[in-house]
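Hi everyone, and thanks for coming. I have one chain to walk you through today, so please take a moment with the picture before I start.

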Amino acid sequence: MAGHRHHAGCEHSSADSSPELGIEYSLFNKIDIDHVECLNEEVDGSGKYIFKPWEKRLDLEKYVDSDVDEELLFNIPFTGNVKLKGIIVIGGENGSHPSKMRLFKNRPHLSFDDVGATPDQEFELYPDPTGTLEYSTKIVKFSSMYYLSIHFPKNFGSDKTRIYYIGLRGEFSEAQRQEVAICSYEAAPNPADHKTTLFENVSREVL
């Protein structure tokens with residue numbers, strides 16, 4: 001592990017195996033797993049199974065392999081709002097571990113035609129068969145997230161990419177579904193209320 005020294009400003013850090021971290025890596029429970037898409041997977045549906053409990057991250061029975069080349073693209077919907085803080089990736093052996101990861105926030109059903117766009121964040125990855133490296137996200141950018149796309153464009157030299165586990169660390173909150181009902185009460189606005197609001201907004205702009 002000498003090549004994994006964590007210099008100041010580095011975007012990855014060591015992840016310990018404490019029970020508390022296992023709780024933080026429970027966002028897989030908040031994934032709408034039936035609607036997860038994995039593009040270029042060799043076996044249909046296999047991409048869903050690499051999102052699993054922290055304590056099963058080293059279980060190598062379930063994995064996803066890429067098909068025609070080394071690229072993989074995951075589209076991951078959540079059942080509410082997520083603040084993403086960190087990601088762990090456990091990849092395959094013999095050069096099949098992904099070497100780069102690109103993240104896109106709230107862009108449903110991203111395709112390979114779309115990944116030429118600038119990602120919200122990207123990482124150079126290191127081979128990590130034990131799940132000890134965490135890649136820390138820009139939390140401010142990845143708050144209020146309901147959909148995450150992860151693009152793995154290349155690996156360490158193999159014809160195909162293999163991934164055993166993707167762990168997502170962060171916080172979850174239920175979607176605010178009552179907003180529509182609240183707005184309906186504004187159908188007949190009170191003019192006096194709106195005069196006050198207008199005055200306050202102008203005052204703030206002048207200050």
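Let's begin with a pocket. In this model, which is a predicted one, the largest pocket has a lining made up of F28, I31, I33, K48, Y49, F51, K52, P53, K56, D59, E61 and K62. If you sort that lining by character, you get 6 nonpolar residues, 6 charged ones and no polar ones. The space inside the largest pocket is about 220 Å³. How do we find a place like that? Rolling a probe the size of a water molecule over the atoms shows where empty space is left.

Now let me step back to the whole chain. It has 207 residues, and 39% of them are buried. There are 9 strands and 3 helices. If you follow the sequence from start to end, the order is β-α-β-β-β-β-β-β-β-β-α-α. The accessible surface of the chain adds up to about 11800 Å², with carbon and sulfur atoms accounting for 52% of that. One more number for the overall picture: take the contacts between residues at least 6 apart in sequence, and 81% of them join residues at least 24 apart.

So much for the overview; on to the inside. Which residues have the most contacts inside the largest nonpolar core? They are F74, M101, L148, F152 and I166, in a core of 29 residues. Several strands each supply at least two residues of this core: β4 (72-91), β5 (100-105), β7 (133-136), β8 (145-152) and β9 (162-173). The biggest contribution comes from β4, which gives 8 residues. There is also a second, separate core with 6 residues, including W54, I90, Y164 and Y165.

Let's look at F74 for a moment. Setting aside neighbours within four places in sequence, F74 is in contact with E37, C38, G47, I50, F51, V64, L148, S149, I150, F152, I163 and I166. You may recognise F51 in that list, since F51 also lines the largest pocket.

I150 was in that list too, and I150 sits in strand β8. Is I150 buried or exposed? I150 has a relative accessible area of 0%, and because anything under 20% counts as buried, I150 is buried. Beyond residues up to four places away in sequence, I150 touches L72, L73, F74, I76, M101, R102, L103 and I166. Take M101 from that group: I150 and M101 are 49 residues apart in sequence, yet their C-alpha atoms are 6.7 Å apart in space.

Next is F104, in strand β5. F104 is buried as well, with a relative accessible area of 0%. Not counting residues up to four places away, F104 touches L110, V115, A117, T118, P119, D120, Y147, L148, S149 and H151. As for F104 and N75, they are 29 residues apart along the chain, with 9.3 Å between their C-alpha atoms.

Now for some loops. R107 is in the loop between β5 and β6, and R107 is partly exposed at a relative accessible area of 32%. With neighbours within four places left out, R107 is in contact with D114, A117, Y147 and S149. The C-alpha atoms of R107 and S149 are separated by 7.2 Å, although the two residues are 42 apart along the chain.

H109 lies in the loop between β5 and β6 (121-124). H109 is not a glycine, yet it has a positive phi of about 60°. What about its accessibility? H109 is exposed, because its relative accessible area is 53% and exposed means over 50%.

N94, in the loop between β4 and β5, also has a positive phi, about 55°, without being a glycine. N94 is exposed, with a relative accessible area of 76%.

My last stop is E70, in the loop between β3 (64-65) and β4. E70 counts as partly exposed, at 27% relative accessibility. Apart from its neighbours within four places in sequence, E70 is in contact with F152, P153, K154, N155, S158, D159, K160 and T161. E70 and S96 are 26 residues apart in sequence, and 8.1 Å lies between their C-alpha atoms.

That's my tour. Thank you for listening, and I'm happy to go back to any part of it.

Technical notes: Residues are numbered from 1 along each chain as its sequence is written. This is a predicted model: local features need pLDDT of at least 70, side-chain atom pairs count only at pLDDT 80 or more; totals for chains, interfaces and linings use all residues. Side-chain values use heavy atoms; hydrogens and water are left out. A nonpolar core is a set of buried Ala, Val, Leu, Ile, Met, Phe, Trp, Tyr and Cys residues joined through side-chain atoms within 4.5 Å. Buried means under 20% relative accessible area, exposed over 50%, partly exposed in between (1.4 Å probe, protein chains only). Helices (H or I, at least four residues) and strands (E, at least two) are DSSP runs, numbered from the N terminus. Contact means heavy atoms within 4.5 Å. Accessible areas come from the Shrake-Rupley method with a 1.4 Å probe; for residues, only the protein chains shown count as cover. On a 1 Å grid over the protein atoms alone, a cavity is a set of points where a 1.4 Å probe fits but cannot get out, and a pocket is an open set with protein on both sides within 12 Å along at least five of seven lines; lining residues have an atom within 4 Å of a point. Grid points are joined across faces, edges and corners, and a volume is the space filled by probe spheres set on the points. Ala, Val, Leu, Ile, Met, Phe, Trp, Tyr, Cys and Pro count as nonpolar, Asp, Glu, Lys and Arg as charged, and the others, Gly among them, as polar.
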